[in-house]
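Please open the structure in your viewer and keep the selection tool at hand. The stops below say what to select and what is there.

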Amino acid sequence: MAARNPGSVLDLDWVQRININLSAVKRRAEAIPTRRAVKKECQAAWLLKAISCIDLTTLSGDDTFTNVQRLCHKAVHPVRQDLCDAMDIDQKGLTVAAVCVYPARVADSVKSLKFLGAKIPVAAVATGFPTGQYSLETRLEEIKRAVADGAQEIDIVINRNYALGGNWEGIYREVQMMKEACGSAHMKTILATGELGTMTNVYKASIVCMMAGADFIKTSTGKETVNATLPVGLVMTRAIRDYYQITGYKVDLHLSNI
């Protein structure tokens, strides 16, 4: 991963100038599948690479130590051995990027991965996931507890009420505080793009969260009616590029469609 994003001063002039042309975004999204294709001999390699970028996730109300343990085993051995044999590949060293669970299951995940001898990071969805409809104090405490239990990545959710009302200073301030609460853990900022109303809001939320120090910007919780889409991914990628050109820091993109 690139150097961590320290954030920057909130530039409201930049934020307010933004106006996304939805028709242009849709045209670009429709054109991409017709111009990009993975050559047949490279498809298996790309699929294996995709596996290494996945956060293997369980976010169910009936999660237990046992099913988290199974999830961790799957994270360490993500491809069936017969498939590896058929493709003549060595699965050794091939794992998912992270195991993602609720904060209450972080300790179970850390214990299971340690038993398996794996160095896969544990990610926790915090800050009142998926709605974020909790007090700021509660959301910050949830982050701190997850980190104390061993989470190395924290998935936060932004205040959609602030975004829909154009309170970008409020989002910036809260995300800054959440970044501080994360300590050494990487912070993934979930925008819940399906609930932001417009592509202009998607871009603005992306930029503001990066200014506040997000190490990743993430499309969605997976719980919204609309989650990751190609047009949203294009807008967020453009925001990442623009932020990099101004600051020199590369922020990662995370697509979620659970």
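Helices (H or I, at least four residues) and strands (E, at least two) are DSSP runs, numbered from the N terminus. This is a predicted model, in which local features need pLDDT of at least 70 and side-chain atom pairs count only at pLDDT 80 or more, while totals for chains, interfaces and linings use all residues. Residues are numbered from 1 along each chain as its sequence is written, and side-chain values use heavy atoms, with hydrogens and water left out.

**Stop 1: helix α9**

Select residues 168-182, which form helix α9. At 1.5 Å a residue, its 15 residues should span 21 Å, and the end C-alpha atoms are 21 Å apart, which agrees. The expected span of a helix is taken as 1.5 Å times one less than its number of residues.

Now colour by accessibility. Buried means under 20% relative accessible area, exposed over 50%, and partly exposed in between (1.4 Å probe, protein chains only). The buried residues of α9 include Trp168, Ile171, Tyr172, Val175 and Met178. Which elements do the buried residues of α9 pack against? They pack against α1 (12-17), α7, β4, α8 (160-164), β5 (186-190) and α10 (199-211); contact here means heavy atoms within 4.5 Å.

Step past the end of the helix to glycine 183, which follows α9 and has a positive phi, near 60°.

**Stop 2: salt bridges**

A salt bridge is a side-chain nitrogen of Lys or Arg within 4 Å of a carboxyl oxygen of Asp or Glu. How many salt bridges does a search of the whole structure find? The search finds twelve.

Select arginine 139 and glutamate 174, which form one of them, with the closest N and O atoms 3.0 Å apart. Arginine 139 lies in helix α7 (residues 136-148) and glutamate 174 in α9, so this pair ties together parts 35 residues apart in sequence. Arginine 139 is buried at 3% relative accessibility, and glutamate 174 is buried at 7%.

Stay on α7 and select arginine 145 with glutamate 141, whose closest N and O atoms are 3.1 Å apart in another salt bridge. These two residues are four apart, about one turn of the helix. Is arginine 145 buried or exposed? Arginine 145 counts as exposed, at 55% relative accessibility, whereas glutamate 141 is partly exposed at 34%.

Next, select lysine 218 and aspartate 155, whose side chains meet in a salt bridge of 2.5 Å, N to O. Lysine 218 is in strand β6 (residues 216-218) and aspartate 155 in strand β4 (residues 153-157), so the pair ties together parts 63 residues apart in sequence. Lysine 218 is buried at 6%, and aspartate 155 is buried at 0%.

Finish this stop with Arg4, Lys179 and Asp215, which are linked in a network of salt bridges.

**Stop 3: phenylalanine 65**

Select phenylalanine 65, found in helix α4 (residues 65-76). Phenylalanine 65 is partly exposed, with a relative accessible area of 29%. Leaving aside neighbours within four places in sequence, phenylalanine 65 is in contact with Arg105, Asp108, Lys111 and Ser112.

**Stop 4: cysteines**

A disulfide is a pair of cysteine sulfur atoms within 2.5 Å. A search of the whole structure finds zero disulfides. For cysteine 42, the nearest cysteine sulfur, that of cysteine 53, is 16 Å away. Last, select cysteine 182, which is buried at 0%; its sulfur is 12 Å from the closest cysteine sulfur, in cysteine 209, too far for a bond.
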